[in-house]
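Here's a quick briefing to read with the model open beside you. Have a look around first, then come back for the details.

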Amino acid sequence: MSGAEFSLKPAEGSSFAFTGTLSGSMHNMQYTEATGFTWNSAEGYPMVLTGYLIAGDTYVLTEIKAPEGYGLSRESYRFTVTEEGGIEWVGDAPDTKLAALTDYKEDQKTLTNQINVYNDLIGISLKKLDVNVPDGSGYQDAEFDLYRTDENGGLVKIEGLVLRSDENGVIEIKNTKDQMILMPGVTYSLLETKAPLGYELADAFTFQVDEYGSIKEGSISDQETAAAQKDSSVLQVFDKPITVELVKTDSEGKTIDSSRGEAEFTITPSENGTFADGSTEAITGITPSNIGEMLYAKLIPGQSYEMAETKAPDGYKLAKPFTFMVDVKGNITFVSDEKTAKFDQDSSILTVLDEQEEPEETEEPTETEKPAKTEKPTETEKKAETQKSAQSQSENAAKTADTTQIWLYVLMLCVSGMAGITLLSGRRRRRK
């Protein structure tokens, strides 16, 4: 192929059988002591060095520019010249996909003295991954558009590409002889147009490839959306799972104390809808603390879901069910008119409001049923009460004394009468 450039230098302790300078020829061959031999490849015409190498010495062949659309070889190839004029690798032979020794026939003599250097067309792989599982399996059915930046800084869509991730989550983008897509030094923009089910669309980002066909280090504009290992041609593109963060508050927006227990919810796909895994069964037992796990990559953008509270915190009423949808960035919009929930796009928090239960009413006693109010007596009332009590005690004592005297008088009369009767009885006996 034409368009490649090479250099040949002697290894330490070796030299060329040539001094001076050299320039010109079909291959634009040049020589200086500092650079050694340099030349350009020409399609159909191998570069032939005759009389410049010394038997037993070692030389280093390096590709310094690859043909357009091809990746530059990272390897330098060390070889030595045999006494017969052939060449042999020094140390381990390179990968035969990169370079190989072949026979070259000259003057009816066949020697292994030809080096073939191979270049591969530049190509990269996109791998679609979950941002939280960067070492996990890829995701199928993500779709992208690829743009290149022109000399004026504008974006030009590269037509004719079908960029859809396969069952392993991989997309191959590779140059062909008919279409050179990726070129070193050009800035490319990758735009996701369809995310795997249950995932948000990734943000667009730019990148470049280097002369070796790898993702150029430091060229990725958004490190949270995409990444590549050093000297790698694999571009990892990350999607965030669609999920929901839930907060429970009272009707005034105040957070409900955790001591009242957690609320529980059920989420069901609306008619003809499904979750991302194809299931139509309701997801139950959802709470503010586990909703991120329960709904991880389960919601599909554009489909509607009904959320119903099945258990409210102690002292609160169940919120009315409501219907919502998510978009390609995980934002929530409400389908139903119930004002029982709100969504903050800045914080991505879904808030469900509960009304506090009204306390039970108790009947107040009537005036007739109310006990009489006992007032505390004043000092004057206390003195009057004391005097009244003393007077009453005095009167009672006087009455008791009078009663005692009367009884004593009656007793004395009785005794006197008995004495008279006895005396009369005695007199009557003596008359007989």
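Which side chain does Glu 63 join in a polar contact? That would be Asn 119, with the two side chains 2.9 Å apart at this polar contact. Keep in mind that the model is a predicted one, so treat the distances below as computed from it.

**The chain as a whole**

- The protein chain has 25 strands and two helices.
- It runs to 432 residues, and 34% of them count as buried.
- Take the contacts between residues at least 6 apart in sequence: 56% of these join residues at least 24 apart.

**Around Glu 63**

- Glu 63 sits in strand β4, which covers residues 58–65.
- Here's the curious bit: Glu 63 is buried but has no salt bridge.
- Lys 65 is the nearest side chain of opposite charge, and it is 10 Å away; a salt bridge would need the charged atoms within 4 Å.
- Glu 63 does have polar company, though: besides the Asn 119 side chain, the backbone nitrogen of Ser 73 lies 3.1 Å from a polar atom of the Glu 63 side chain.
- Ser 73 and Asn 119 also turn up among the residues in contact with Glu 63 once neighbours within four places in sequence are set aside.
- The others on that list are Ala 4, Glu 5, Phe 6 and Leu 72.

**A three-stranded sheet**

- Three strands make up an open sheet in the order β18-β25-β24, and the pairing is mixed.
- Why do β18 and β24 each have one side without a neighbour in the sheet? Both β18 (245–250) and β24 (341–344) stand at the edges with a single partner strand each, so one side of each has no neighbour there.
- On average, neighbouring strands of this sheet are turned by 25° against each other, direction ignored.
- Strands of a sheet can pair parallel or antiparallel, through backbone hydrogen bonds.
- β24 and β25 (residues 349–354) run antiparallel and are joined by four bridges.
- If you want a place to start looking, Ala 341 has Val 352 in β25 as its bridge partner.

**The loop after β18**

- Gly 253 is found in the loop between β18 and β19 (264–269).
- Is Gly 253 buried or partly exposed? Its relative accessibility is 39%, so Gly 253 counts as partly exposed.
- Gly 253 and Asp 354 are 101 residues apart in sequence, yet their C-alpha atoms are 9.2 Å apart in space.

Note on methods:
Residues are numbered from 1 along each chain as its sequence is written. This is a predicted model: local features need pLDDT of at least 70, side-chain atom pairs count only at pLDDT 80 or more; totals for chains, interfaces and linings use all residues. Side-chain values use heavy atoms; hydrogens and water are left out. Buried means under 20% relative accessible area, exposed over 50%, partly exposed in between (1.4 Å probe, protein chains only). Lys and Arg count as positive and Asp and Glu as negative; His and the chain ends are not counted. A polar contact is a pair of N or O atoms within 3.5 Å; within protein, one must be able to donate a hydrogen and the other to accept it, and residues adjacent in sequence count only if both atoms are side-chain atoms. Contact means heavy atoms within 4.5 Å. Two strands pair if DSSP finds at least two bridges between them. Axes are lines fitted to C-alpha atoms, for helices over the stretch in contact, and angles run from 0 to 180 degrees between N-to-C directions.
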